Amino acid sequence: MMSKMYYEQDARWELIQGKTVAVIGYGSQGHAHALNLKDSGVKVIVGLHEGSKSAAKAREDGLTVTNVAQAVACADITMILIPDEKQANVYATEIAPNLKPGSALAFAHGFNIHFNQIVPPANVDVFMIAPKGPGHLVRRVFTEGKGVPCLMAVYQDFNGSTQDLALAYAKGIGGARAGVLTTTFKDETESDLFGEQAVLCGGVTELIKAGFDTLVEGGYEPELAYFECLHEMKLIVDLMYEGGMAAMRYSISDTAEYGDYVTGQRIITEETRAEMRKVLSEIQNGTFARNWILENQANRPMFNAKRRQEAAHNIEIVGTELRGMMSWLKK
Ligand SMILES: NC(=O)C1=CN([C@@H]2O[C@H](COP(=O)(O)OP(=O)(O)OC[C@H]3O[C@@H](n4cnc5c(N)ncnc54)[C@H](OP(=O)(O)O)[C@@H]3O)[C@@H](O)[C@H]2O)C=CC1
Ligand SMILES: CC[C@](O)(C(C)=O)C(=O)O
Ligand SMILES: [Mg+2]
Ligand SMILES: [Mg+2]
C-alpha cells in the first residue's frame, strides 16, 4: 500500500511559528531552506565556520550569520546542511555540545544517522525532511509559488510531536505544496544513494557519454552528438516527468517508439540489472558508506582525480561552447 502523502493543510504551523531554526551550511540545500523558511515567516540563523565563503552571500540575502556553536545554542531546530562527509566532525565538536535539551536535530539525508556517524542524545527530537530535488530548484520553485516533494522520517520522538514538527518544517520550505511522503532514515538513505549512483547521476552520465562517444567514434560531428545525447535528454525527461513514459512515447515518432522497444533492453541488459542489484547490496551492507568515509579520510585521491578527468571529457568541452550560444540559458 502507498504511504500517506501530506500537504500544507495537514501541517500544524503553530509548532514552528515563533521558533528559531539554525540552518548549518549555506550551500545547495542550505540557502534554499534558509531563504524559504525566512520567506515563510520563520526566524532563521545560519551557522557557518570561520572564513566560510558562503557567509557573505547569506548576509547579502538578508540572513543573520553566526558560527555553528552560537547558531545551535539558540535554536529550537538545528538543520544540518553541510556536506555529508563533514557532518560527523562538526556535529561532535560544535553541534552536540550546544544542542538545547528538548530541541530538534534535523537532516535532509539520512547517511550520518543511518550509518552511525552521528549518534544524537536521547533528549532531542530527530527528524529528516529530504527534498527530492537539488537545492537550487528547492529555492527556485518556491519563489514560483510551487514546491519540491519531500520525504519525511522520524528517528527519535522525544517531545511526542516530532512528525508534526517535521511536517511544519516541510511546509516552511515549500515541500508540502507538492507533497510529503513518510519513510524511514534507512529507506531514504539507501534509496537516495542507489538512485543517484545507478540512475540519476552515475547511470545517466555514463549513458550519455557512451552514446556521445559512440557517435563521435562513428565519424559524426561532436556538436550533433551533444545535441542528440545530452541536450535532448532534458526534453525527453520533461515529457516523462509531466506524463510518464506513455506521454513521452505519445509525443515521439512511432519510429522512435519502435526503436525504444527493440533497443532499450539491448543497452540495459540482464547484466546491467544484476550489477544494479550488486550496487544496492553494497549500499545496504555499508560497503559504499565505508569506502566514502575512508576516501575522505585519505583526502579524496580518487574523487579528485575523477573530477579532473571528467571535466576534460570532450562532451564537456563541446557542451561549454554550445551552451555559450544558447541565449535562453544566460541569466
Ligand atoms: N545538494 C542537494 O541538492 C541535496 C542534498 N541533500 C543533503 O543535504 C545536505 C547538504 O548537502 P548540500 O546542500 O549538497 O551541501 P553543500 O556542499 O552545498 O554545502 C556547502 C555548505 O556547507 C558549508 N560548510 C562546509 N564545511 C562546513 C563546516 N565545517 N562548518 C560549517 N559549514 C560548513 C559551506 O561553507 P563554505 O562557504 O565555506 O563553502 C557551504 O555553505 C547533505 O546531507 C546532502 O546529502 C539532500 C537532497 C539534495
Ligand atoms: C540526485 C542527487 C541528490 O540525491 C539529490 C539532488 O537529490 C544529492 O545527494 O544531491
Ligand atoms: Mg536525492
Ligand atoms: Mg543524495
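Reader: What share of the contacts in the protein chain between residues at least 6 apart join residues at least 24 apart in sequence?
Author: The share is 66%. A contact here needs C-beta atoms within 7 Å. Keep in mind that this is a predicted model.

Reader: How many helices and strands does the protein chain have?
Author: The protein chain has 16 helices and nine strands.

Reader: What makes the protein chain as compact as a globular protein of that length?
Author: Set two values side by side. The radius of gyration is 22 Å. The globule rule gives 20 Å for 331 residues. The two are close, so the chain counts as compact as a globular protein of that length. Its C-alpha atoms fill a box of roughly 65 × 45 × 45 Å along the principal axes. Buried residues are 31% of the 331.

Reader: Why is Gln29 called buried or exposed?
Author: Count the neighbours. Gln29 has 26 other C-beta atoms within 10 Å. The cut-off for buried is 20 or more. So Gln29 is buried. Gln29 lies in helix α1. Leaving aside neighbours within four places in sequence, Gln29 is in contact with Leu81, Ala108, Gly135 and Val138.

Reader: And Gly27, what makes it buried, exposed or partly exposed?
Author: Gly27 has 15 other C-beta atoms within 10 Å. Buried needs 20 or more, and exposed needs 12 or fewer. The count falls in between, so Gly27 is partly exposed. Gly27 sits in the loop between β2 (20–24) and α1. Not counting residues up to four places away in sequence, Gly27 touches Ser54 and Leu81.

Reader: Which residues does UniProt list under "binding site"?
Author: The unreviewed UniProt entry places that feature at Tyr26, Gly27, Ser28, Gln29, Ser52, Ser54 and Gly135. These annotations may be inferred rather than shown by experiment.

Reader: Which residues come nearest to ligand 1?
Author: Gly25, Gly27, Gln29, Ser54 and His109 come nearest, out of 25 residues around ligand 1. Helices α1 and α4 (84–95) and strand β7 each supply at least two residues of that shell. By class, the shell has twelve nonpolar, ten polar and three charged residues.

Reader: What makes a residue part of the shell around ligand 2, and which residues are in it?
Author: The C-beta atom must lie within 6 Å of the ligand. Pro134, Asp192, Glu196, Leu200 and Cys201 are the residues around ligand 2. Three are nonpolar, none polar and two charged.

Reader: How do you know which side of helix α6 the buried residues are on?
Author: In α6 (residues 135–143), Val138, Arg139 and Phe142 are buried. They cover an arc of only 90 degrees around the axis, which puts them on the same side of α6. There is a general reason to expect such patterns. An α-helix has 3.6 residues a turn, so residues three or four places apart point the same way. What covers the buried residues of α6 includes α1 (28–39) and β7 (125–131). After α6 comes Gly145, with a positive phi near 85 degrees.

Reader: Why is the phi of Asn299 worth a remark?
Author: Most residues other than glycine have a negative phi. Asn299 is not a glycine, yet its phi is positive, about 70 degrees. Asn299 is in the loop between α14 (287–297) and α15 (301–311). Arg300 lies in the loop between α14 and α15 too. Arg300 is not a glycine either, and its phi is positive, about 60 degrees.

Reader: Why are Asn299 and Arg300 put in the classes they are in?
Author: Asn299 has 8 other C-beta atoms within 10 Å. Exposed means 12 or fewer, so Asn299 is exposed. Arg300 has 14 C-beta neighbours inside 10 Å. That lies between the cut-offs of 12 and 20, so Arg300 is partly exposed.

Reader: What makes Glu94 buried, exposed or partly exposed?
Author: Glu94 has 19 C-beta neighbours inside 10 Å. Buried starts at 20. So Glu94 counts as partly exposed. Glu94 is in helix α4. Not counting residues up to four places away in sequence, Glu94 touches Val68, Ala69 and Val72. Glu94 and Gln70 are 24 residues apart in sequence, and their C-alpha atoms are 8.9 Å apart.

How values were computed: Residues numbered from 1 in each chain as written. Chains lettered and ligands numbered in written order. Predicted model: local features only at pLDDT ≥ 70, side-chain atom pairs only at ≥ 80, totals over all residues. Nonpolar A, V, L, I, M, F, W, Y, C, P; charged D, E, K, R; others polar. Helix = DSSP H or I, 4+ residues; strand = E, 2+ residues; numbered from the N terminus. Rg over C-alpha atoms; globule rule 2.2 N^0.38 Å. Contact = placed C-beta atoms within 7 Å. Arc of directions from axis to C-beta.
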